[in-house]
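Subject: Structure for your examination

Dear colleague,

Please find below the sequence and structure that I am handing over to you. My findings follow directly after them.

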Amino acid sequence: MKLFYSEEIRKMDEVAISEIGLPGFTLMETAGRQVAENTLEFLGSVINKKVIVFCGSGNNAGDAFACARYLYNRGVQLTVVLVANQNYHGDTLLQFNLLKQCTKIRILTMNTEVEKDQVKLSGKFADLVIDGILGTGFHGETRGSVAEAIDLINAFALPVVAIDLPSGVLPDSGKIAKNAVQATITVTMTALKPGLVLYPGANFAGKIVVADLGIPHDYVEQLPSDKELITACLVAGILPQRPKNAHKGLSGRVMLVAGSPGLTGAAALAGEAAVLAGAGLVKLFTPLSTKDILAIKLTEVMVYGLIERLPGILGGGAVGEILQKAAEADVLALGPGLGVAEATLEAIREVVRDSEKPLVLDADALRALQGHTEILKSLRVPKVLTPHPGEMALLTGLAAAKIDENRIAVAAQYAQEWDCVLVLKGAPTVVAWPNGAIYVNTSGNEGMATGGSGDVLTGLIAALMAQGLPAEDAAVAGVWLHGRAADVAAQKGKIGLTAGLIAKCLPQARQVLEETVSQKNS
């Protein structure tokens, strides 16, 4: 499912009106009816039901007026609150004039303290609130009566149906203005907006319903948008099918360079995840001093020791051995738990510079690139980077908080600048391709906020690349499967969820997708 920025939505509406021939009034009328139908479904019965509709000054208000009229015709008792100035025009004015023909609808403003008290009193007896104050045109701060109305809606503690976006949520980034409406349901028009799936906006959206305004589906699908949600259906179409006569040699060979004293868990999790994600052969290369520990930890992974300069610290001699052994692999994954000694970091940089195999770079491999990202631009092999915001801050010099606030824009910029597939981990994880395409993940839960979760993702993506997926597809499928495995694991509880349990649930997560593909092809 595509995501559209507010400006893209505006142009979509313009073209629907000017080229397709759908009048703006018809779009507004359909939007209002869709919101009304979802409201009625939530209420269950209209008998003695009271609804307050808060209306702003733009097109969102027109949708709200139409919605109120439909609810009125179905027998709902309505109070309409005009939050901003009443200088309506165009289709919104037509909708307002129609609304005034519904003689039993009570219309209030927030112009005086007396009317504000009347609005507050109405809230004490209402069953539901409809938020039609701000829409996709909002890009600032909430002030005056708008801010007051948002606070009032939240203070009611009633179910809220938001039109297009909860008021106060910025449509393109998910940032929150001074305040924002806490919605129970958001009925968004025609297509999803990034602000509904990016945090903190996603916390305010509640259940999201994409309303069909009658714009032809084929037209929407052909509209240019480089942003898309990663869904089960998308991943089902990506995953390779394993032939019945497959053997381990044809199922992908992963080489993992990871681990150091005290950090063997990261290496073990990445190696185990690669096996559980379907790689036929997984070889783990680790500093010689951690070889025996990891050999005990891992049964299905072959463990080899690398030449050390000091215990746990790789020396220059390890570089040649890594590159030589990588020739036997389909993909080379570097970083989990390798350590941050300067000799180790330099060895990582040398391997990255000279690698002739596709790369997955995480953790300490990313730290090795701090101040050396020019290496990435010169590489001619596919490469996937999997930073969390803190690691991304080291690579870019940006503040981690700013990265988190602008996940799509930051990921897109650096994927193109570094000519890599960039997996910006977090809630939600964003996958950016070097060609500008953006994918936002929909799977996973808060239980994934645990040490080692990222190491599992490294092994998973490497395994998918080894099984023949391009780096771009492996990253998209990998982050979704990673989250889906966590969702399976969370059935026994989210708090205390471990990275190891996420890895163990990978086969079940993939099986669901395999069955989906099988049913689709049958």
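Two residues are said to be in contact, or to touch, when heavy atoms of theirs lie within 4.5 Å. Please bear in mind throughout that this is a predicted model.

I begin with strand β4, which comprises residues 128-132 and includes G132. With a relative accessibility of 0%, G132 is classed as buried. Beyond its neighbours up to four places away in sequence, G132 touches F54, C55, G56, N60, A61, A64 and I163. Of these contacts, A61 stands 71 residues from G132 along the chain, while the two C-alpha atoms are separated by 5.5 Å.

D131 also belongs to strand β4 and is likewise buried, at 0% relative accessibility. Setting aside residues up to four places away in sequence, its contacts are F54, N60, V160, V161, A162, I163, L165, P166, S167 and V181. An unreviewed UniProt entry annotates N60, D131 and S167 as "binding site". These three positions span 108 residues in sequence, yet no two of their C-alpha atoms are more than 10.1 Å apart, so they gather at one spot. Both N60 and S167 appear among the contacts of D131, and N60 is also touched by G132.

The "binding site" annotation of the unreviewed UniProt entry also covers K425, G426, A427, P428, T429 and G454. Although these residues are spread over 30 residues of sequence, they cluster in space, the largest C-alpha distance being 13.6 Å. Within this group, G426 is located in the loop between β17 (421-424) and β18 (430-432). Its relative accessibility is 42%, so G426 counts as partly exposed. G454, by contrast, is part of helix α19, residues 453-466. Apart from neighbours within four places in sequence, G454 is in contact with D362 and K425, and K425 is itself one of the annotated positions.

I turn next to the nonpolar cores. In soluble globular proteins, nonpolar side chains tend to be buried together. Here, the largest nonpolar core has 63 residues, and L284 and V431 touch the most other members. Helix α20 (residues 471-489) supplies the largest share of this core, namely 12 residues. Another core, of 58 residues, lies apart from it and has L314, A318, L376 and L385 among its members. As for L284, its contacts outside the range of four places in sequence are L256, A258, A267, L294, L298, V301, M302, V303 and Y304.

Two members of the 58-residue core, L376 and L385, are also touched by W418. W418 sits in the loop between α18 (407-417) and β17. Is W418 buried or exposed? Its relative accessibility is 1%, and it therefore counts as buried. In addition to L376 and L385, W418 touches T373, K377, K383, M392, L395 and T396, not counting residues up to four places away in sequence. W418 and E374 are 44 residues apart in sequence, and their C-alpha atoms are 7.7 Å apart in space.

Finally, there is a nonpolar patch on the surface, formed by M1, I208 and V210, with about 220 Å² of accessible area together. M1 belongs to the segment before α1 (6-20). Its relative accessible area is 46%, so M1 is partly exposed.

With kind regards

Note on methods. Residues are numbered from 1 along each chain as its sequence is written. This is a predicted model: local features need pLDDT of at least 70, side-chain atom pairs count only at pLDDT 80 or more; totals for chains, interfaces and linings use all residues. Side-chain values use heavy atoms; hydrogens and water are left out. A nonpolar core is a set of buried Ala, Val, Leu, Ile, Met, Phe, Trp, Tyr and Cys residues joined through side-chain atoms within 4.5 Å. Buried means under 20% relative accessible area, exposed over 50%, partly exposed in between (1.4 Å probe, protein chains only). Helices (H or I, at least four residues) and strands (E, at least two) are DSSP runs, numbered from the N terminus. Patches are made of residues with over 30% relative accessible area and no salt bridge: like charges are joined within 9 Å, nonpolar side chains (Val, Leu, Ile, Met, Phe, Trp, Tyr) within 5 Å. Accessible areas come from the Shrake-Rupley method with a 1.4 Å probe; for residues, only the protein chains shown count as cover. A salt bridge is a side-chain nitrogen of Lys or Arg within 4 Å of a carboxyl oxygen of Asp or Glu. UniProt positions are given in the numbering used here, feature names are shortened, and annotations may be inferred rather than shown by experiment.
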